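Me: Please take a close look at the side chains in this model, starting with the cysteines and going on to the charged and aromatic residues. Add any backbone geometry that stands out.

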Amino acid sequence: METRARLAARVAEIAPFHVMEVQTAARALEAAGRSIVHMEIGEPDFPTPAPVIAAAQRAIAEGGVYYTSALGLPELRAAIAAHYASHYGVRIGPERVIVTAGSSAALLLVMALLVNRDDRILLADPGYPCTRHFVRVLEGDPFGVPVGADTDYQLTASLIERHWTPGTRGALIASPSNPTGTTVARDEMARIAQTVRRQGGTLIVDEIYLGLSYDAPPVSALAIDDDAFVVSSFSKYFNMTGWRLGWIVAPERHVRDLEKLAQNLYISPPTPSQRAALACFLPETLAIVEARRQAFRARRDYLVPALRELGFGIPVTPSGGFFVYADVTRFSRDSEHFCREALEVAGVALTPGVDFGRHRASDHVRFSYTIDEPKLHEAIARLRRWLRG
Ligand SMILES: Cc1ncc(COP(=O)(O)O)c(C=O)c1O
């Protein structure tokens, strides 16, 4: 007889990523000989910059493969702090930087530091789904506040005020956001920080896409609120998704507790990746990633008007990252069905809104522009043929 282990109830509340299912279906069609344009993928198509790969090869050849401090290599923490000064004009001490296994581990550590059972964290709906799952795994209450075009698909100070309850512990903003690519303006971020502080809560800002900002010089929340927890990553701007490296900038008084959590949860971030990441801040690497940022901007500048012209609703032009969150109600009120048809009929893989929350999820899809311009043109041509019949 099969014996079944009793599982923790929280597991049932963690939703799978539908995008992975889209990807599986897309790969099956490709295996059967169909050509598919992939616009479902949430990672840069560019390879890791050559100086970073060379640094990793050197580090491994020299035997740099042992655990580091749970807080990360001191020289990498210093390099990240220096990057805030040169890139964002913010002075932070290296002792406030905690290197992590991707911003995923960064978000998990910050939530583990802050969230008690049933504590509420306010998040935008739509938003990046793993964040609410991290809160849930810790028995907290991730509360998705419905947001729309009127607030650039972001939380605002007044939405935070309205949804704050005695059990609310903090608010998390992702700016620029996944899936909408929209950014919180500096003034609004200042109002948000003030509101959260007045309530005695904590502001957490996910800036993983901040390096990929297109319309204005990027502003880190650290320039506005020195007491915020800022989470970021090497994954997107530095094209290092699989290296699993990110960081937290935390108020200094919390670093020791974050260190304890990191020591216990995963001992240290990956050592070869840390040694490789030291090369991210060389002028030659920065020149490569800067050229790629421009390429992403050019893709956005082509894609957004082309989608609008086809009838997709994009009321707010995305200003960062590599996503477009589009309203498909002109074509369908069932975005999962729309994505299946887009894949099977048009040969274009998209992500349905349901991956990012509940609010008007079935009216939206996410396009990723992590493909080159010829492929973007091909995707638009295919969608045009399908939608215009
Ligand atoms: C908004 C956001 N935050 C965090 C992450 C996690 O990325 P990583 O763990 O690779 O740094 C992602 C990945 O797609 C994301 O979109």
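Reply: There are zero disulfides in the structure, which is a predicted model. For C339, the closest cysteine sulfur belongs to C130 and lies 18 Å away, too far for a bond; the cut-off for a disulfide is 2.5 Å. C339 has a relative accessibility of 4% and therefore counts as buried. C280 is also a buried residue, because its relative accessible area is 0%.

The charged side chains come next. Side chains of opposite charge can pair when their charged atoms come close. The structure holds 22 salt bridges. One of them joins E139 and R117, with an N to O distance of 3.3 Å. This pair links distant parts of the chain: E139 sits in the loop between helix 5 and strand 4, R117 sits in the loop between helix 4 (102-114) and strand 3, and the two are 22 residues apart. R117 has a relative accessible area of 60%, so R117 is exposed.

A salt bridge within one helix is formed by R191 and E188, whose closest N and O atoms are 2.9 Å apart. Both belong to helix 7, and because they are three residues apart there, about one helical turn separates them. The two partners fall into separate accessibility classes: R191, at 41% relative accessibility, counts as partly exposed, while E188, with a relative accessible area of 17%, is buried.

A salt bridge between two helices is formed by R384 and E309, with 3.2 Å between the closest N and O atoms. R384 belongs to helix 12 (residues 373-388) and E309 to helix 10 (residues 283-310), so this pair ties together parts that are 75 residues apart in sequence. R384 counts as partly exposed at 32% relative accessibility, and E309 counts as partly exposed at 45%.

Salt bridges also link D327, R333, R360 and D363 into a network. Within that network, R360 also has an unusual backbone angle: its phi is near 50°, a positive value in a residue other than glycine. Most residues other than glycine have a negative phi. R360 lies in the loop between strand 11 (351-352) and strand 12 (364-368), and its relative accessible area of 37% makes R360 partly exposed.

R366, in strand 12, is a contrasting case. R366 is buried yet has no salt bridge; D355, the nearest side chain of opposite charge, is 6.5 Å away. That distance does not qualify, because a salt bridge requires a nitrogen and a carboxyl oxygen within 4 Å. What does the side chain of R366 make a polar contact with? The partner is the side chain of N178, at 2.9 Å. Leaving out residues up to four places away in sequence, R366 touches residues including M39, E40, N178, P179, F323, L350 and F356.

The aromatic residues form another set of contacts. The whole structure contains 20 aromatic pairs. In the pair of Y84 and Y88, the ring centres are 5.5 Å apart and the planes stand at 45°, so the pair is tilted. Both tyrosines lie in helix 3 (residues 74-88), four residues apart, about one turn of the helix. Y84 counts as buried at 1% relative accessibility, and Y88 counts as buried at 15%.

F234 and W247 form an edge-to-face pair, 5.0 Å centre to centre with 65° between the planes. This pair links distant parts of the chain, 13 residues apart: F234 is in the loop between strand 7 (229-233) and strand 8 (246-249), and W247 is in strand 8. F234 and W247 are both buried. The two pairs belong to one cluster, in which ring pairs link Y84, Y88, F234, Y237, F238, W247 and F281.

The remaining points concern the backbone. Most peptide bonds are trans. D125 and P126, however, are joined by a cis peptide bond with omega about 15°, and P126 is placed in the loop between strand 3 (120-125) and helix 5 (129-137). A cis peptide bond also joins S175 and P176, with omega about -10°; P176 is in the loop between strand 5 (168-174) and helix 7 (186-198). Finally, Y153 has a positive phi of about 60° although it is not a glycine. Y153 lies in the loop between strand 4 (141-146) and helix 6 (157-163), and its relative accessible area of 7% means that Y153 is buried.

Definitions and conventions:
Residues numbered from 1 in each chain as written. Predicted model: local features only at pLDDT ≥ 70, side-chain atom pairs only at ≥ 80, totals over all residues. Heavy atoms only, no water. Phe/Tyr/Trp six-rings, centres within 6.5 Å; stacked < 30°, edge-to-face > 60°. Buried < 20%, exposed > 50% of the residue type's maximum accessible area, 1.4 Å probe, protein only. Lys, Arg positive; Asp, Glu negative; His and termini not counted. Polar contact = N/O pair within 3.5 Å; in protein donor to acceptor, adjacent residues only side chain to side chain. Contact = heavy atoms within 4.5 Å.
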